[in-house]
Amino acid sequence: MSDLSLKTTPSTGFYNIIVSGKSFNLSTTALYSDSPNYFTDVFSSPLEESRTKVMFVDRDPEVFKDIVKHLQGYYVTPRDENHYADLIADATYYNLMKLKAQLRANYIVNVGGKVFRVDKEILEKRDAPNFFTSFGFGYGWEPSGIPPTPLPLTIPPPILDRDPELFSDILRYLQGYEIGIKDEVQRQNLLKDSRFYHLKGLTEKLLASSMTVNGFSKEESARNEILFRLKDIRPASVLLPENNNNYNNNNNNDDILSEEISTGSTSHIMYKNKEGTVYVLLVEIHNIHLICRYGAPSSPMTATTTPTTNPATPTNASKIQPLLRPVLELVLSDKDIQKLKNIAKSIKASEEIVTTIHSPDTCAFEIDGNKCTLEALSNTDKLSHLMKNDDGNRYLKLYVTRSILRLITNNGKVEMEMLKCEAFSSERGFNCKREFLPDEKRIAL
């Protein structure tokens, strides 16, 4: 009989496989149930093992018990991540393709000390590519491209040093369920882990965002807006419009900002989500200071006049009061500055962030719990009791609890336009807005 017929036609009876001194007897049917494999290649060869039907293998006999169960037709379920890694290693060693496919279909992974059994189809069906489909093999799952040769293969068990409770929520998301966010701390932690696992869809869902349509925008392409907390923005999703003049179209008389846009040197900074939709980017910032600088009363750049009575009456001309439009400057935290620099870098703008901001007349100010206009903020007579003086230059320092800004680029630099601002001029005003704990959260002493 030729060598070819020996390889394709198995002998009948039982084979004795001795694994590190422990003997196992396997029938021809079992041996060929997942073939071709290491055993069928040896027993169908002209080697001595083929004549004696005895083979010696230097592997773990405890793991081989599960190999025998698989060859006998039983479903082998890994107990934990270590057992899973051992089965993958020996399935590769013995070249058992059916067993490897079965093990790959349900991953076993230890996350923070808790073992999870994860259906591979779930990982590949939603929010892919992700950590598991692209990098997971590096944490113990069989690397691709291993040749079917009986060489010892060391595969570390799949262990991730992450939070198991957060991973449970992430698995529920991958299975199609909604995740309930209990508080801001949980949202931030989920956001960190969704980025670690490269789940872009979940990351966008976890970002505290709000989409609005600005019906007052002159340009259709600038009407869709999206608001993020500044710290949550992914710089990789930020971009500039292809044509900086898309927002202009002869709107030169709207305000100073529109005049700058018409020159082509200024444009909105945009945000592109996972689905490819582009929005004008708005950012929300918290707990910063806003400096309103008024300069000298005679400053020609800021002084304007507003009549207090009918300007046509000559006798009232002396009652015209000067209003100084303040120059607004944000005092940002180091983290806020770094985030803006990252955004600037992603759109290839200068990393020199301009902290002096635009404030159009349409900005909604709320100071000490009272709504006010930019004109009211410009009335230095009414604000004189709050004013501070620095070498003859007057300024007002406000503590901003939260503010909404629109990001723009002007001559290659990132600038900001304030749209809404909630601030306090004194600690007393801030204390008036403090809230007591609800009754159910009070601790009985």
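## A tour from Asn214 to two three-stranded sheets

Start by selecting Asn214, which touches Arg223, Glu225 and Arg406 once residues up to four places away in sequence are set aside. This is a predicted model, so please read every stop on the tour with that in mind. Asn214 sits in the loop that links β7 (209-213) to β8 (224-229). Now add Phe216 to the selection: its backbone nitrogen is 3.0 Å from a polar atom of the Asn214 side chain.

**Zoom out**

Show the whole protein as a cartoon, and you have 16 helices and 21 strands in view. How many of the 445 residues count as buried? The share is 43%. Among contacts with a separation of 6 or more, 65% are between residues 24 or more positions apart. If you switch on a surface, about 24,700 Å² is exposed, and carbon and sulfur atoms supply 51% of it.

**First sheet: β2-β1-β3**

Next, select residues 14-19, which are strand β1, together with β2 (22-27) and β3 (54-57). The three strands make an open sheet in the order β2-β1-β3, with mixed pairing. Why does one side of β2 and of β3 lack a neighbour in the sheet? Both stand at the edges with a single partner strand each, so one side is left free of a neighbour. From one strand to the next, the twist averages 25°.

Look at the β1 and β2 side of the sheet. These two strands are antiparallel and share six bridges; to see one facing pair, pick Asn16 and Asn25, the latter in β2. The two strands form a hairpin with two residues between them, and Ser20 in the turn has a positive phi of about 50°.

Now turn to β3, which runs parallel to β1 and is joined to it by four bridges. Pick Ile17 and you will find its bridge partner, Met55, in β3. Val19 is another place to click, as it stands opposite Val57 of β3. Is β1 itself mostly covered or mostly open? It is mostly covered, with five of its six residues buried.

To see one helix that lies over this sheet, add α5 (residues 61-71): it lies across β1 and β2, running at about 10° to β2.

**Helix α7**

Keep α5 on screen and select residues 97-105, helix α7, where Leu99, Lys100, Gln102 and Leu103 are buried. Try looking down the helix axis: these residues cover an arc of only 160°, which puts them on the same side of α7. In general, an α-helix has 3.6 residues a turn, so residues three or four places apart point the same way. The cover over the buried residues of α7 includes α5, α6 (81-93) and β4 (106-111).

**Second sheet: β5-β4-β6**

Strand β4 leads to the last stop, an open sheet of three strands in the order β5-β4-β6, again with mixed pairing. Here the edge strands are β5 (114-119) and β6 (159-160), each paired on one side only. Two bridges join β4 and β6 in the parallel sense, and you can find Val111 opposite Leu160 of β6.

Finish by adding two helices. The first, α6, packs on the sheet and touches β4, β5 and β6, its direction making about 135° with that of β4. The second, α10 (residues 164-174), also packs on the sheet, touching β4 and β5, and its direction makes about 15° with that of β5.

Technical notes. Residues numbered from 1 in each chain as written. Predicted model: local features only at pLDDT ≥ 70, side-chain atom pairs only at ≥ 80, totals over all residues. Heavy atoms only, no water. Polar contact = N/O pair within 3.5 Å; in protein donor to acceptor, adjacent residues only side chain to side chain. Contact = heavy atoms within 4.5 Å. Pairing = 2+ DSSP bridges. Axes fitted to C-alpha atoms, helices over the stretch in contact; angles between N-to-C directions. Buried < 20%, exposed > 50% of the residue type's maximum accessible area, 1.4 Å probe, protein only. Arc of directions from axis to C-beta. Areas by Shrake-Rupley, 256 points an atom, 1.4 Å probe, with all protein chains shown as cover.
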